[in-house]
Amino acid sequence: MSVEIKVPSVGESITEVTLAQWLKEDGDYVEMDENIAELESDKATFELPAEKAGILRIIAQEGDTVEIGAVVCSIEEGDAPAGSTEEKGSKDDTASNDAPAKVEESDSASDSYAAGTASPAAAKILREKGIDPASIKGTGKDGRVTKEDAEKAQAQPAKPAKPSTPAAAAPVSAPGERNERREKMTSLRKTIAKRLVTVKNETAMLTTFNEVNMQPIMDLRAKYKESFKEKHGIGLGFMSFFTKAVTAALKEWPAVNARIEDNEIVYSDFADISIAVSAPKGLVVPVVRNAESLALHQIEKAIADLAGKARDNKLTIEEMTGGTFTITNGGVFGSMMSTPIINAPQSAILGMHNIIQRPVAENGEVVIRPMMYIALSYDHRIVDGRESVSFLVRVKQLLEDPARLLLEV
């Protein structure tokens, strides 16, 4: 008796997911609750567990887009292999035992793996290389193409077309290799692309700029970073200062923390700050809830926890939704200046950039200071120019005089 494994519901707004990766191969023995695949929605990546122990039979392939409730595999009754190092063929033999019906089923499964048939992992690699599995001589059981075969395979150069007439000129060849590869867009990447275009087309987005002298914060960090880490168990970074400055400025200019819903403007008396984080599969924006009520060390711990989950693809949908304002730091990649795109339905986003030693005028003298450009992109339908510029100036004031953050002046 086999059990069908279906795509579970992962959120009210999600109707389909992408089968990102099989963690087990077809015919493998799996334990109950063992993770067998990774599924990717337009918001997060999550794992699919086995609902019973037995032999895995894969139906959907890596890269397929499948609807919620669709069957992606089945698990047949079967025994675990005698040793953990035995080959897959041994697993099939063990599963068949001495029942005639099971022997026939096992033989049928083996016949399906004819020469040129690729395992799911191998098929994905060959698709990326543009190679037909049938052209590969497999080294697996019954000539099956394994992952190692696919990694070693090289695409055969296409035969040059014969000139249509004797007078036809030969094509001019460029020096060096000119390879191309195609990759199917992930659900996350498709959603990011769609949302960015929607924001650009449906908002009146403008950007205002300013610059911040980072010397006061850098001096403060240098003076207290050791005692701060010793007391709180977390390093003191720039992001907590920016988050505190933003939450203070949002109280003074609430339109920057608002959003449009239908024909109404919704104002929030709390600040849920979305922090843009670069994850392996794209940019994600986990949310620090009620950041206005958190101390610097609490903000640092919250950001570190969310960033760690992002790197491990462990963020939940709840952790990435509901923000009221976004901060993105392009400076970690060396960006000097940019115009960040609003994270809809929010009305504004603050962009941080790299810190550069530059000459500036202070009290009639030219001095060298560590300067950072900051940018505020905002929706002009909600936020007026006076509000946007005043908000950014307030952030600058708070950052250049960090004591204001503690004294709230």
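These legends describe close-up views of a predicted model.

**View A. Helix α7 and its buried residues.** Helix α7 covers residues 238-252. Its 15 residues should span 21 Å at 1.5 Å a residue, and the end C-alpha atoms are 22 Å apart, which agrees. Of the 15 residues, 11 are buried, so α7 is largely enclosed by the rest of the structure. The aromatic residues Phe241 and Phe242 are among the buried ones. So are Met239, Lys244, Val246 and Leu250.

**View B. Helix α9, residues 385-400.** Helix α9 has 16 residues, with an expected span of 22 Å at 1.5 Å a residue. The distance between its end C-alpha atoms is 23 Å, in agreement. Buried residues of α9 include Phe391, Leu392, Val395, Leu398 and Leu399. Glu387, Arg394 and Lys396 are buried too.

**View C. The second largest pocket.** The volume of this pocket is about 510 Å³. Its lining has 19 residues. Ala20, Lys124, Glu128, Lys184 and Thr186 lie nearest the centre. β2 (16-22), β4 (35-40) and α3 (120-129) each give at least two lining residues. The largest share, four residues, comes from β2.

**View D. The salt bridge between glutamate 76 and arginine 57.** The closest N and O atoms of this pair are 3.3 Å apart. The bridge links distant parts of the chain: glutamate 76 sits in strand β8 (residues 71-76) and arginine 57 in strand β6 (residues 54-58), 19 residues apart. Both glutamate 76 and arginine 57 are buried. Asp26 joins Arg57 and Glu76 in a network of salt bridges. The model's salt bridges number 15.

**View E. Arginine 381 with aspartate 379.** A salt bridge joins these two side chains, at 2.7 Å from N to O. Arginine 381 has a relative accessible area of 46%, so it is partly exposed. Aspartate 379, at 2%, is buried.

**View F. Glutamate 362 with arginine 369.** In this salt bridge the closest N and O atoms are 3.2 Å apart. Glutamate 362 counts as partly exposed, at 28% relative accessibility. Arginine 369 also counts as partly exposed, at 23%. Buried means under 20% relative accessible area, so neither value qualifies.

**View G. A nonpolar surface patch.** Phe209, Met336 and Met337 make this patch, with an area of about 290 Å². Methionine 337 lies in the loop between β16 (325-329) and β17 (348-352). Its relative accessible area is 43%, so methionine 337 is partly exposed.

How values were computed:
Residues numbered from 1 in each chain as written. Predicted model: local features only at pLDDT ≥ 70, side-chain atom pairs only at ≥ 80, totals over all residues. Heavy atoms only, no water. Patch = residues over 30% accessible without salt bridge, like charges linked within 9 Å, V, L, I, M, F, W, Y side chains within 5 Å. Areas by Shrake-Rupley, 256 points an atom, 1.4 Å probe, with all protein chains shown as cover. Salt bridge = Lys/Arg side-chain N within 4 Å of Asp/Glu carboxyl O. Buried < 20%, exposed > 50% of the residue type's maximum accessible area, 1.4 Å probe, protein only. Expected span 1.5 Å × (residues − 1). 1 Å grid on protein atoms, 1.4 Å probe; cavity = no way out; pocket = protein on both sides within 12 Å on 5 of 7 lines; lining within 4 Å. Points joined across faces, edges and corners; volume = space filled by probe spheres on them.
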